[in-house]
Structures are given as structure tokens and as C-alpha cells.
Amino acid sequence: MIVAERKKINDILDIVKDHKKILVLGCGTCVTVCLAGGEREVSIISSALRIASRIAGLPLAFEELTIERQCDNIFIEMAADAIKRNDAVLSLGCGAGVQAIAERYPDKPVYAGLDTSFLGILEERGMWAEKCAQCGDCLLAEYGGICPVTRCAKSLLNGPCGGSREDRCEVRPDLPCAWQLIYKRLKDIGQLDRLKKINPPKNWNKNLDGGCRILIREDHRI
Amino acid sequence: MRINTFEPKIIAFCCHYCAFAAADLAGTMRLQYPPNIRIIRTPCTGRLETEYYMRAFEKGADGVLVAGCLEGGCHFIDGNLYARRRVNAVKEILKESGLEPERLRMVNLSAAMAKPLVDIMIDMVNTIKELGPGPLASKKKQIKSEIIK
């Protein structure tokens, strides 16, 4: 799940202040689950923006709408009328959602109301943690399902760094050492032998460097 | 002499099990509290969502008072503790929006605390009077002309 965080209200107001009618558009998928851009957050952020704009003396009108998914053309269509009757769109979707709408409506300014943070899970109530760095070359099978690329502060692939203190990370003492977790997990599933293998440097070609990644599946193309 | 006096409009969300009963007791005890307070009874302060506070301010409330049970005394075990955290989060949003966070206040009471509730209400009204009218309230309704001899 994509995890995002609300931008500060005054920053959002700065972004949209030159328009008159603004559509605050929520997304019912990932950002709803991480309590950043769902229907409720659309209502809260719109209320806050109305208050902030009145205080700043700006004559802004905010319309609220939430669609099922912003990163999909079929769902964006459901917001077509609302997008047309407003001067600008403040999208509370992730970065992909904002860009999907901007591409679909070339003559309409589309702004992001959230900071898209990472790909993670709900660790406990009100707490989300990053689990995947989307490196493009998954190594989870080697490490008992715990990702050293994401969860080790140094992304080490061949054992811990030696700086960890009592299972805590040297760089971030609030986090557990990923290699301690990997060792414990491999021990529990009886695969400690995997640690004897020396892994060569990782292939980072599939990572983000050098432009955005594109996936093509010929078997699904028309 | 004619001067303009600001009479704030304050919404008080009162929990059914404590503050609302305390307000009822205040009536029975003939304790007077300011007419600026508009009480809304809620089943628990934990029921109050962030949207409720935001909407109250958006629609022109000058202040919002949230009165829940004493900590540890919630009828639903921990509703008032959730409410406290939510109120703190809303204060942050209000601050970002340019509104004084003091306009929103959460207090904890028991059903027997009629006098403290009245004192809190009077203090809340005084605090809001010092802060002045909320920027979203209708200007006409806010200012009440008063004649002083």
C-alpha cells in the first residue's frame, strides 16, 4: 500500500490561492487506508482550507469529491463533470493519481495535496512502516522475507554492519536491526544455511536511476 | 452611551454520562452559566470525529468546548482518551489554518461536577471574548449593540 501524508494547510493554500473554484479530489484506495486522502480527509482538509481562505481574505470555493481510484482512467471519468466545473484540482491521491489526472486534463491545473511517502504497511494503529523500496530486483527469497535493501539503514546484503546494539540499528536506534530480524527469521524456518552464501553486488539497473520505469506485457497488449 | 459588545457563540459537546449530567445538575442547583454556550449531547466524546470540530468552526462557531468524563472514568473505557488525542490533532490543523488553537478546549469532568463545569464555561467565554470574534462567524450576528447608562 502506498503511504502518504497531508501537506500543511497553509502550504496547500499557497498552492491554490490564485484560483477561484477548486475541486478537492480524494482517492478511495491506498490513501484512504493510510488516512491521508480518503472521503473523510477530503472533508477535513476542505473545511480547514475554507477556514484558512476566509482568514486570509481569499474568495475561494472548495468542492468535495472522492472517487474510487485516481490512477485509473475508468474511475477518473466519474469526476469529469466536477473537474470541468472547477478552475483547478487539488488531488489528495498519491503522486501517481495526481499525474494521471493531470495527463487526462491537459488544460486544467492539478495540484498535489499530499506528500507521497513510501510503500509500506500498517504496523499498528496509527503507525505505518516502509517495507519495500521498489528496487525492481526482489531479493526477499534470500533473506527469509525481510528486505535488507529497505529495512537495513545501510542496505547491506551480506550480514550486519557490526554497529548494531542489542538488536537495535546503529543509525536509527528506534528501529530494530534488519539483520537481527533476518537471522532470527531464517533460524525459525530452518534456513540459516542461506547466510553462508555470499551475494554479489546487487543489480541496480532495475532501480529508478535513468528515468521512470516502464513495464510492457506483450501478452496483454491489444 | 452605545458600545458594541462581542457575544461569542460557543458549541459545547457534552458527554451524556458526565458533562451533560453535570450541566443538568447545574440547572437543578440553580447555577447559572453563560447563554453563549450551546450544548450538544453526545454518547461519548470518543464519538466526535475531527470533521465535527472543523465543521463547527467552518459554520461560524467562535469556540468549541469538549467535555468528557474524568480520565479512567469513561463509560466506554477509553473514548475520552481518544477524544483528547483527536482534539490535539484538530488544534494543529486549526493552527495551520490560522485560527487560534485556544478556541478549541477539552476538559474532563464527572457528573457531580456542576460547579466546576460552570466555572469552565465562564472561563471559556472569557477566553473567547479576549480572542475576539472568530473569522468565520457572520459579522452581523456577532456584534450586539448594548446600551450602557
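Start with helix α1 of chain B and its buried face: A19(B), F20(B), A21(B), A22(B) and A23(B) are the residues of α1(B) that count as buried. This is a predicted model, so keep that in mind as we walk through it. What do those buried residues pack against? Their partners are β2 (10-15), β3 (37-42), β4 (63-69), β5 (104-109) and α4 of chain B. So much for the list; now pick out the helix partner.

Helix α1 (residues 19-28) of chain B meets helix α4 (residues 114-131) of chain B at an angle of about 95°, and their axes lie 8 Å apart. Angles from 65 to 115 degrees count as roughly perpendicular, and α1(B) and α4(B) therefore fall in that class. Look at who does the touching: α1(B) brings A19(B), A22(B), A23(B), L25(B) and A26(B), while α4(B) answers with A114(B), L117(B) and V118(B). Sorted by class, this contact has eight nonpolar residues, with no polar and no charged ones. Just past the helix, have a look at R30(B), which follows α1(B) and has a positive phi, near 60°.

Now step back to chain B as a whole. How many helices and strands does chain B have? Its secondary structure comes to five helices and six strands. Following the sequence, they come in the pattern β-β-α-β-α-β-α-β-α-α-β. Of the 149 residues in chain B, 42% are buried. As for contacts, take those in chain B with a separation of 6 or more: 82% of them link residues 24 or more positions apart.

On to chain A, which is divided into domain 1 (2-118) and domain 2 (136-206). Measuring between centres taken over C-alpha atoms, domain 1 of chain A and domain 2 of chain A are separated by 38 Å.

Chain A has an open sheet of four strands, and reading across it you get the order β3-β2-β4-β5 (chain A), with parallel pairing. Why do β3 and β5 of chain A each have one side without a neighbour in the sheet? β3 (61-67) and β5 (110-112) stand at the edges, and each has a single partner strand, so one side of each is left open in that sense. Neighbouring strands of this sheet are turned by 25° against each other on average, direction ignored.

Zoom in on one of those pairs: strand β4 (residues 88-91) of chain A runs parallel to β5(A), and three bridges join them. For a concrete example, V89(A) has V110(A) in β5(A) as its bridge partner. Helices pack on this sheet too. Helix α1 (residues 9-16) of chain A touches β2 (21-27), β4 and β5 of chain A, and its direction makes about 155° with that of β4(A). Helix α6 (residues 95-104) of chain A also touches β2, β4 and β5 of chain A, its direction making about 175° with that of β5(A).

Finally, see where the chains meet. The contact takes 14 residues from chain A and 13 residues from chain B. On the chain A side, α1 and α3 (39-56) each supply at least two of the residues that touch chain B. Which element gives the largest share? That is α3(A), with eleven residues. By class, the side of chain A that touches chain B has seven nonpolar, three polar and four charged residues.

Definitions and conventions: Residues numbered from 1 in each chain as written. Chains lettered and ligands numbered in written order. Predicted model: local features only at pLDDT ≥ 70, side-chain atom pairs only at ≥ 80, totals over all residues. Pairing = 2+ DSSP bridges. Axes fitted to C-alpha atoms, helices over the stretch in contact; angles between N-to-C directions. Contact = placed C-beta atoms within 7 Å. Nonpolar A, V, L, I, M, F, W, Y, C, P; charged D, E, K, R; others polar. Buried ≥ 20, exposed ≤ 12 C-beta atoms within 10 Å, placed from the backbone. Domains from an automatic or database assignment. Parallel < 35°, antiparallel > 145°, perpendicular 65-115°, else oblique.
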